[in-house]
Amino acid sequence: GADMIDIGAYSSRPGADDVSPEQEMERLRHALAVLRRVAPDAVVSVDTFRADIARHCVKDLGVDIINDISGAGDPEMAQTVAELGVPYVLMHMRGTPSDMQRRTDYGEDVVASVLTEMSRSYERLVCAGVGDIIIDPGFGFAKTLEQNYELMRHLEAFAVFGRPIFVGISRKSMITRLLDIPTDAALNATTALNTIALERGAAILRVHDVRAAKQAVTIYEAVYGRL
């Protein structure tokens with residue numbers, strides 16, 4: 001029931017080690033070759049923050065969407081995406097996966113701060129000519145437990161950009177830490193939080209458990225109408 005498949009070769013877990021561009025590209029090349037053999041018609045998103053890798057994946061490996069955790073941190077990314085003409089997921093993060101959880105001081109209003117920081121990247125993308133932008137608040141990226149839930153509580157604020165809202169909270173620590181459960185026990189809570197995200201305006205859910213998420217979307221649509 002998935003509408004697209006997102007694939008990445010650079011771990012973005014808090015504290016994750018760096019991966020060289022060469023290693024990232026080698027992993028993606030092999031994985032995308034396998035994916036295209038088993039699902040040749042799938043819409044594929046590549047999770048990378050490197051413009052050169054994004055370009056190669058789209059032009060040479062048939063990727064359809066760029067999913068960038070860095071918010072166009074690579075100075076070449078905005079122009080690259082504009083030239084490629086593909087949809088782009090703009091996510092909010094501070095720092096890198098190795099240090100982002102030390103960068104969680106947003107003052108009194110985390111929602112306003114995240115919106116302000118995202119607006120700068122958004123403006124840069126629009127000025128470069130990127131037309132199809134998807135907004136991801138970046139749950140779990142440079143956010144405390146409380147800040148993640150504050151962002152979810154006010155998710156509809158991200159509709160200010162007039163773009164689809166993308167939410168990735170599947171089995172994340174904002175669930176497991178709150179409930180004091182292991183990752184493999186987080187499906188039920190993930191489904192509950194995904195449903196709340198839909199009610200607050202999410203248009204795209206990034207998940208591990210496709211069947212459960214698809215069921216949640218189908219029930220939501222039955223109650224409220226199609227997304």
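Tutor: Let us begin with Ala192, whose place is in helix H7, residues 187–199. The model is a predicted one.

Student: Why does Ala192 count as partly exposed?

Tutor: Its relative accessibility is 41%, and the class called partly exposed runs between the buried limit of 20% and the exposed limit of 50%, so Ala192 belongs to that class. As for its place in space, the C-alpha atom of Ala192 is separated by 15 Å from that of Asn148, although the two residues are 44 apart along the chain.

Student: What makes Tyr224 exposed?

Tutor: Tyr224 has a relative accessible area of 53%, and because exposed means over 50%, Tyr224 is called exposed. Tyr224 lies in helix H8, residues 210–224, and together with Ile219 and Val223 it makes a nonpolar surface patch of about 350 Å².

Student: Turning to the interior, which residues have the most contacts inside the largest nonpolar core?

Tutor: They are Tyr88, Leu155, Phe158 and Val167, in a core that has 63 residues. The element that gives the most to this core is helix H4, residues 110–128, with seven residues. A second core, separate from this one, has five residues, including Val89, Ile134, Phe166 and Ile204.

Student: Which residues are in contact with Val167, leaving aside its neighbours within four places in sequence?

Tutor: Val167 is in contact with Phe139, Met152, Leu155, Ala197, Ala202, Ile204, Leu205 and Arg206. Arg206 also appears elsewhere, since a network of salt bridges links it with Asp6 and Asp47.

Student: How do you know that Glu24 forms a salt bridge with Arg50?

Tutor: The closest N and O atoms of Glu24 and Arg50 are 2.7 Å apart, and because a salt bridge asks for a side-chain nitrogen of Lys or Arg within 4 Å of a carboxyl oxygen of Asp or Glu, the pair meets the rule. The bridge links distant parts of the chain, with Glu24 in helix H1 (residues 21–38) and Arg50, 26 residues apart from it, in the loop between strand S2 (44–47) and helix H2 (51–61). Both residues of this pair are buried.

Student: What makes the pair of Glu117 and Arg94 a tie between parts of the chain?

Tutor: Glu117 lies in helix H4, whereas Arg94 lies in the loop between strand S4 (88–91) and H4, so the pair ties together parts that are 23 residues apart in sequence. The side chains meet at 2.5 Å, N to O, and because the cut-off is 4 Å, this pair is a salt bridge. By the same rule, the count comes to eleven salt bridges.

Student: Why does Arg94 count as buried?

Tutor: Arg94 has 18% relative accessibility, and since buried means under 20%, Arg94 falls in the buried class.

Student: Arg103 and Asp99 form another salt bridge, with closest N and O atoms 3.2 Å apart; why is Asp99 called buried?

Tutor: Asp99 has a relative accessible area of 15%, which lies under the 20% limit, and Asp99 is therefore buried. Its partner Arg103, at 40% relative accessibility, counts as partly exposed.

Student: How many disulfides does the rule give?

Tutor: The count comes to zero disulfides, which means that no pair of cysteine sulfur atoms lies within 2.5 Å. Among the cysteines, Cys57 is buried, with a relative accessible area of 0%, whereas Cys127 counts as exposed at 65% relative accessibility.

Student: What makes the phi of Ala72 worth a remark?

Tutor: Most residues other than glycine have a negative phi. Phi of Ala72 is near 60°, a positive value in a residue other than glycine. Ala72 lies in the loop between strand S3 (65–68) and helix H3 (77–84), and at a relative accessible area of 3% it is buried. A positive phi is also found at Asp180, where the value is near 55°. The place of Asp180 is in the loop between helix H6 (173–179) and H7, and at 70% relative accessibility Asp180 counts as exposed.

Student: Why is Pro75 called exposed?

Tutor: Pro75 has a relative accessible area of 72%, and because exposed means over 50%, Pro75 is exposed. Pro75 is found in the loop between S3 and H3, and its C-alpha atom is 8.3 Å from that of Ala51, a residue 24 apart from Pro75 in sequence.

Definitions and conventions
Residues are numbered from 1 along each chain as its sequence is written. This is a predicted model: local features need pLDDT of at least 70, side-chain atom pairs count only at pLDDT 80 or more; totals for chains, interfaces and linings use all residues. Side-chain values use heavy atoms; hydrogens and water are left out. A nonpolar core is a set of buried Ala, Val, Leu, Ile, Met, Phe, Trp, Tyr and Cys residues joined through side-chain atoms within 4.5 Å. Buried means under 20% relative accessible area, exposed over 50%, partly exposed in between (1.4 Å probe, protein chains only). Helices (H or I, at least four residues) and strands (E, at least two) are DSSP runs, numbered from the N terminus. Contact means heavy atoms within 4.5 Å. Patches are made of residues with over 30% relative accessible area and no salt bridge: like charges are joined within 9 Å, nonpolar side chains (Val, Leu, Ile, Met, Phe, Trp, Tyr) within 5 Å. Accessible areas come from the Shrake-Rupley method with a 1.4 Å probe; for residues, only the protein chains shown count as cover.
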